[in-house]
Amino acid sequence: MRTTTRAAVPVDPLPGRGIRRFVGRDSALASGEMTVGTARYADEFGPMAPHNHAEETVYVLSAERAWVRWGSSQDALTERIDLEPGVVINTPALEWHVFEWEPGGHIELIFIYGQVDDIRPEDMENET
């Protein structure tokens with residue numbers, strides 16, 4: 001068994017969010033099979049752009065004046081739900097979505113991917 005703590009894993013600031021990489025590639029606990037971490041969406045990281053990637057499941061830990069939108073393309077995010085602690089979201093592979101919040105709001109969540117490749121927009125851009 002391998003362990004780590006939230007305090008031991010630094011925040012990696014990415015466009016639109018800061019993430020802590022607990023399990024996966026380039027993570028505190030290496031894995032070639034899955035990816036698990038936390039993300040914080042807040043003013044300090046700037047707005048997030050609509051994006052798509054591998055299938056993802058998230059569990060919302062904390063949310064204040066925040067929501068997620070999704071749809072058929074980056075210009076057609078017609079569905080929306082407000083976020084609150086305890087919400088679980090499963091996003092199918094390549095579905096367009098974006099996490100958003102009012103100024104001063106935030107979202108904190110746990111993210112889980114069943115893979116380590118092509119899981120973030122930045123990963124997919126680096127491979128092309």
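# Questions around Glu108 and its neighbours

Biologist: Is Glu108 buried or exposed?

Modeller: In this predicted model, Glu108 has a relative accessible area of 19%. The cut-off for buried is under 20%, so Glu108 counts as buried.

Biologist: Which residues are linked with Glu108 in a network of salt bridges?

Modeller: Let's follow the pairs. Glu108 meets Arg6 at 3.5 Å, N to O, and Arg40 at 2.5 Å. Arg40 also forms a salt bridge with Glu44, at 3.4 Å. Besides Glu108, the network therefore holds Arg6, Arg40 and Glu44.

Biologist: How many residues apart in sequence are the parts that Arg40 and Glu108 tie together?

Modeller: Arg40 is partly exposed, with a relative accessible area of 26%. Arg40 belongs to strand S4 and Glu108 to strand S8, so their pair joins parts of the chain separated in sequence by 68 residues.

Biologist: And how many residues apart are Arg6 and Glu108?

Modeller: Their side chains meet in a salt bridge. Arg6 sits in the segment before strand S1 (12-14), while Glu108 is in strand S8, so this pair links distant parts of the chain, which are apart by 102 residues.

Biologist: Arg20 is buried and has no salt bridge, so how far away is the nearest side chain of opposite charge?

Modeller: Arg20 is found in strand S2 (residues 17-24), and its contacts include Arg6, Val36 and Phe111. A salt bridge needs the charged atoms within 4 Å. For Arg20, the nearest side chain of opposite charge is Glu108, at 7.0 Å.

Biologist: Which residue in S8 stands opposite Tyr41?

Modeller: Strand S4 (residues 35-42) and strand S8 (residues 96-113) run antiparallel, joined by eight bridges. Opposite Tyr41, S8 places Ile107.

Biologist: Which residue in S8 is the bridge partner of Ala66?

Modeller: S8 also runs antiparallel to S5, with 13 bridges joining them. Glu100, another residue in strand S8, has Ala66 among its contacts. The bridge partner of Ala66, though, is Trp101.

Biologist: Is Phe45 buried or exposed?

Modeller: Phe45 lies in the loop between S4 and S5. Among the residues it touches are Val11, Pro13, Leu14 and Arg40. Because its relative accessibility is 18%, Phe45 counts as buried.

Biologist: What is the phi of Asp26?

Modeller: As background, most residues other than glycine have a negative phi. Asp26 lies in the loop between S2 and strand S3 (29-30), and at 66% relative accessibility it counts as exposed. Although Asp26 is not a glycine, its phi is positive, at about 55°.

Biologist: What about Leu94: what is its phi?

Modeller: Leu94 is found in the loop between strand S7 (88-91) and S8. With 53% relative accessibility, Leu94 counts as exposed. Leu94 is not a glycine, yet it has a positive phi of about 70°.

Biologist: Which residues make the nonpolar surface patch with Tyr59?

Modeller: Tyr59 lies in strand S5 (residues 56-71). Tyr59 counts as partly exposed because its relative accessibility is 38%, and residues in such a patch need over 30%. The patch covers about 270 Å², and the partners of Tyr59 in it are Leu61 and Val88.

Technical notes:
Residues are numbered from 1 along each chain as its sequence is written. This is a predicted model: local features need pLDDT of at least 70, side-chain atom pairs count only at pLDDT 80 or more; totals for chains, interfaces and linings use all residues. Side-chain values use heavy atoms; hydrogens and water are left out. Patches are made of residues with over 30% relative accessible area and no salt bridge: like charges are joined within 9 Å, nonpolar side chains (Val, Leu, Ile, Met, Phe, Trp, Tyr) within 5 Å. Accessible areas come from the Shrake-Rupley method with a 1.4 Å probe; for residues, only the protein chains shown count as cover. Helices (H or I, at least four residues) and strands (E, at least two) are DSSP runs, numbered from the N terminus. Buried means under 20% relative accessible area, exposed over 50%, partly exposed in between (1.4 Å probe, protein chains only). Two strands pair if DSSP finds at least two bridges between them. Lys and Arg count as positive and Asp and Glu as negative; His and the chain ends are not counted. Contact means heavy atoms within 4.5 Å. Lists of a residue's contacts leave out its neighbours within four places in sequence.
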